[in-house]
Structure formats: C-alpha cells, structure tokens
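Visitor: I have a structure open and some questions about it. Can we go through it together?
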Protein chains: 2
Amino acid sequence: MPISKIPDATIKRLSLYNKQLRRLVDENIDIVRSKELADLLSLTSTQVRKDLSYFGKFGRRKKGYDVKLLLSSLCKILGVASDNRIALFGAGNLGRALLGYKGFSERGFCIEAIFDADPEKIGKNFFGKICMPVSDAEKILGEKDIKIAIIAVPDDAVDSVVDIVVRSGVKSILNFTPRRLQVNNDVMVRSVDFTDKLEQLSYFSRHPMDNK
Amino acid sequence: MPISKIPDATIKRLSLYNKQLRRLVDENIDIVRSKELADLLSLTSTQVRKDLSYFGKFGRRKKGYDVKLLLSSLCKILGVASDNRIALFGAGNLGRALLGYKGFSERGFCIEAIFDADPEKIGKNFFGKICMPVSDAEKILGEKDIKIAIIAVPDDAVDSVVDIVVRSGVKSILNFTPRRLQVNNDVMVRSVDFTDKLEQLSYFSRHPMDNK
C-alpha cells in the first residue's frame with residue numbers, strides 16, 4: 001500500500017500508541033498484547049493490529065509486541081527521531097510559552113526560527129533564538145529547510161502568515177489559533193484546541209466519578 | 001445506566017462530535033446521518049449510534065439527526081452552556097496566553113481566578129483579573145465555587161499546586177505541563193500535549209500527500 005494511502009486516523013492513533021508505549025517502558029513492561037494496547041486506548045484489538053500492520057510486522061501471533069522495539073519503530077515511522085526543523089510564527093505569550101515548552105525538546109523537536117511582525121520583538125533574543133521579521137520568512141524558511149510551521153499569531157494575522165508558509169513550500173502546520181485554516185489538500189494542518197478538553201472536564205465536573 | 005458508567009472514551013468523543021456538528025451548522029447542513037458523522041471522525045456508524053444512545057434518543061432510524069438539536073443537546077450534556085468556573089494556576093507566558101485565548105470565552109468558559117507564587121505577579125492585573133498568591137488558593141477555590149483548575153506552572157511547582165487543588169475539592173484538572181499528574185481516581189485529569197500533534201505532522205512532512 002502506498003504510504004500516502006494510510007488513513008489519517010491511523011496516523012493520529014500512532015502518536016497515541018507511542019504515548020502508551022512510553023508509559024509501559026517507564027513501568028518496565030517488556031511485552032504488550034494488542035488486546036492490552038487496545039484496552040488502554042478504548043479501541044478493539046483488531047483495530048490495533050490493523051493500524052500497526054500498515055507499517056510492517058511488529059508482533060507475533062499470541063506472543064504480543066516487544067514494547068521497546070515497537071516504540072522505536074513507531075518513532076522512526078513518525079520521524080520523531082529525525083531532524084524536525086520547525087519555525088514559530090508569533091512571539092507573543094503563547095509563542096514564548098511554546099519556545100520554553102520542555103516537552104518539545106524531550107521528544108526531539110527543535111524550533112529553528114521565530115518570526116513576528118511587531119518591531120518591538122524583532123531582533124530580540126527569545127530562548128536563544130533571534131526573532132526575525134515575518135517579511136523575511138519566505139526566504140528563511142527555504143534556506144533553513146523548515147518542515148513544520150507553528151502558527152501562534154493573533155487572529156487578524158493568521159491568513160497572511162498561512163499564505164507565506166504555504167508559498168514557501170512548508171506542508172505541515174501546527175495551528176494554535178482558534179481559527180480553522182483554509183489550505184490546499186497537499187498541506188496537512190493539525191490544530192491544538194484548548195477547549196475540547198475543557199468540554200470533557202465540564203462534563204466530569206457535573207458527573208463526578210464514584211469508583212472509576 | 002448510571003451516568004458515571006459511561007465510558008471515558010465516549011465522553012472524549014462527545015467533544016469531537018460537537019466540533020463536527022459546529023462545522024455542519026456553519027455550512028448550513030440541517031440533517032446528518034450516523035454514517036456521515038462516523039466518516040468525519042473515522043469511526044463506525046454503530047459506534048456513533050452507541051455513543052449517542054447513552055444520552056437518550058436523538059435521531060430517527062433512516063432519518064438522521066437534526067444537527068442543531070443534537071449540538072445543543074450535547075452542549076447541555078457536556079455542561080458547556082452552564083456556568084463553568086475555572087481557576088488558572090500560573091501566570092507565566094502560557095498562563096497569560098490562555099487568559100487571552102478567545103476560544104475559551106467563545107465556547108462559554110471563563111477563568112474566574114488566577115494564582116501564581118511569584119511576588120512580581122501577585123496583585124497585578126492580567127486581562128481584567130488580579131493575580132492572587134497560591135497560598136490563598138485553597139480558601140478562594142471554595143469561596144468562588146471553582147469546578148475546574150488549569151495547571152500551567154513550572155515543573156517544580158506542579159506537585160504542590162495539584163495538592164492544593166485536590167485538597168480544596170476540585171475534581172477536574174486541565175494539565176498543560178508535560179508531567180503526568182498523580183491523583184486519586186475521583187479526580188479527572190485531561191492533559192494538553194503539544195507534542196502529539198507535532199509527531200503526526202512529522203510523519204506527514206516525510207510522506208507528503210499526493211491527492212488526499
């Protein structure tokens with residue numbers, strides 16, 4: 001199966017498998033069965049086996065998966081261990097929070113360039129990187145071979161920044177704005193929506209768990 | 001079925017249904033079939049019908065669901081339309097970004113109290129709220145009837161803040177730190193992990209889509 005035909009939903013689940021596998025490694029668990037992995041993620045074991053089968057043979061029937069081997073294979077598939085060159089647009093509160101976010105570097109992601117339109121921010125050093133003007137972004141994204149753009153700009157700047165990112169050939173965007181981005185089909189957007197999880201918590205705060 | 005027995009995974013999906021329903025409303029679509037909703041979320045239609053059946057009868061066989069009715073019912077179930085009193089711990093870059101995040105207020109969430117341990121921040125006004133000392137939090141959480149706590153503090157402050165939150169009786173925590181929180185079973189934690197989606201993008205930046 002050509003790699004571009006792997007369902008989007010499977011790719012989403014890969015990073016969830018990854019997270020569970022990291023926990024199992026932390027807990028010194030060596031082998032995991034598809035049923036156990038499925039239970040951890042509220043999926044069926046058929047689904048788990050199907051998802052993983054897209055990428056090769058990881059487990060043996062009735063033997064389960066080698067946790068570390070599966071984790072390292074998934075990391076390789078996701079490209080986590082590789083060179084992930086990221087540009088950040090927006091050096092406001094959120095942008096600076098992302099620059100300082102330890103989770104990124106711990107998992108091999110590195111922000112290589114920062115852009116802002118505010119003359120007060122341009123030229124300033126944030127976490128060791130000099131903030132550059134958005135007007136230079138198209139040139140710099142190419143020079144630095146940036147693969148992923150993070151968008152953390154105010155609402156009214158979103159469209160023009162996305163235009164620049166797409167024009168410069170970057171195909172992956174992590175969107176931190178509440179806006180839905182309009183891009184061509186060959187550009188992949190993932191949005192971090194802070195409100196989704198608040199909705200779930202809102203439910204639980206009304207229906208406390210007794211013995212879960 | 002007692003409400004506390006509804007699977008966690010179903011509650012998670014409710015906010016995803018909600019998001020799709022909002023899109024359909026934006027696109028002036030009145031009726032949606034379980035199959036269509038399932039396709040939008042890469043689920044089976046049986047799963048969709050099962051999830052929604054926990055909360056009552058929303059659709060008619062072969063007729064589909066009334067989009068607006070379903071959306072407003074799910075909002076009510078999630079408690080989104082209700083009074084969601086939230087406290088924010090941590091007025092650093094991330095905390096201030098969350099205070100200014102429009103997505104919260106647009107969907108009925110309001111941060112009622114801000115706490116920080118830094119004397120430089122205490123007493124300051126952030127987005128119309130005065131930052132209070134963490135040492136007063138236990139008292140104030142009760143007084144203000146806070147239901148949800150957002151944790152956006154540095155790593156070394158996480159444990160003590162979670163202790164305070166839990167002691168004060170708040171049962172829902174939105175965790176923005178890369179740390180895994182250790183809490184009792186009666187406390188619901190949701191973590192916003194910025195790295196998951198970067199991993200997915202990392203995959204796509206290596207395997208560009210041709211014609212998706």
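Guide: Start with a term: a disulfide is a pair of cysteine sulfur atoms within 2.5 Å. This is a predicted model, where local features need pLDDT of at least 70, side-chain atom pairs count only at pLDDT 80 or more, and totals for chains, interfaces and linings use all residues. Residues are numbered from 1 along each chain as its sequence is written, chains are lettered from A and ligands numbered from 1 in the order in which they are written, and side-chain values use heavy atoms, with hydrogens and water left out.

Visitor: How many disulfides are there over all chains?
Guide: The search of the whole structure gives 0. For C75(A), the nearest cysteine sulfur belongs to C110(A) and is 17 Å away.

Visitor: Is C75(A) buried or exposed?
Guide: C75(A) is buried, because its relative accessibility is 15%. Buried means under 20% relative accessible area, exposed over 50%, and partly exposed in between (1.4 Å probe, protein chains only).

Visitor: Now the two chains. What turn lays chain A on chain B?
Guide: A turn of 180 degrees, with a shift of 0.0 Å along the axis, gives an RMSD of 0.0 Å. The two copies are therefore related as by a two-fold rotation axis. The superposition is by least squares on the C-alpha atoms of residues with pLDDT of at least 70 in both copies.

Visitor: Which residue of chain A comes closest to that axis?
Guide: N93(A), whose C-alpha is at 2.3 Å.

Visitor: How many residues does the contact take from each chain?
Guide: It takes 73 residues from chain A and 74 residues from chain B. Contact means heavy atoms within 4.5 Å.

Visitor: And how much area do the chains bury between them?
Guide: About 7,000 Å², with 58% of it on carbon and sulfur atoms. Buried area is the accessible area (1.4 Å probe) that two parts lose on being put together, summed over both. On the chain A side, F194(A), E199(A) and Y203(A) lose the most area to chain B, together 10% of what that side buries.

Visitor: What is the count of salt bridges between them?
Guide: There are 8 between chain A and chain B. A salt bridge is a side-chain nitrogen of Lys or Arg within 4 Å of a carboxyl oxygen of Asp or Glu. One of the pairs joins K19(A) to D196(B), with the closest N and O atoms 3.1 Å apart.
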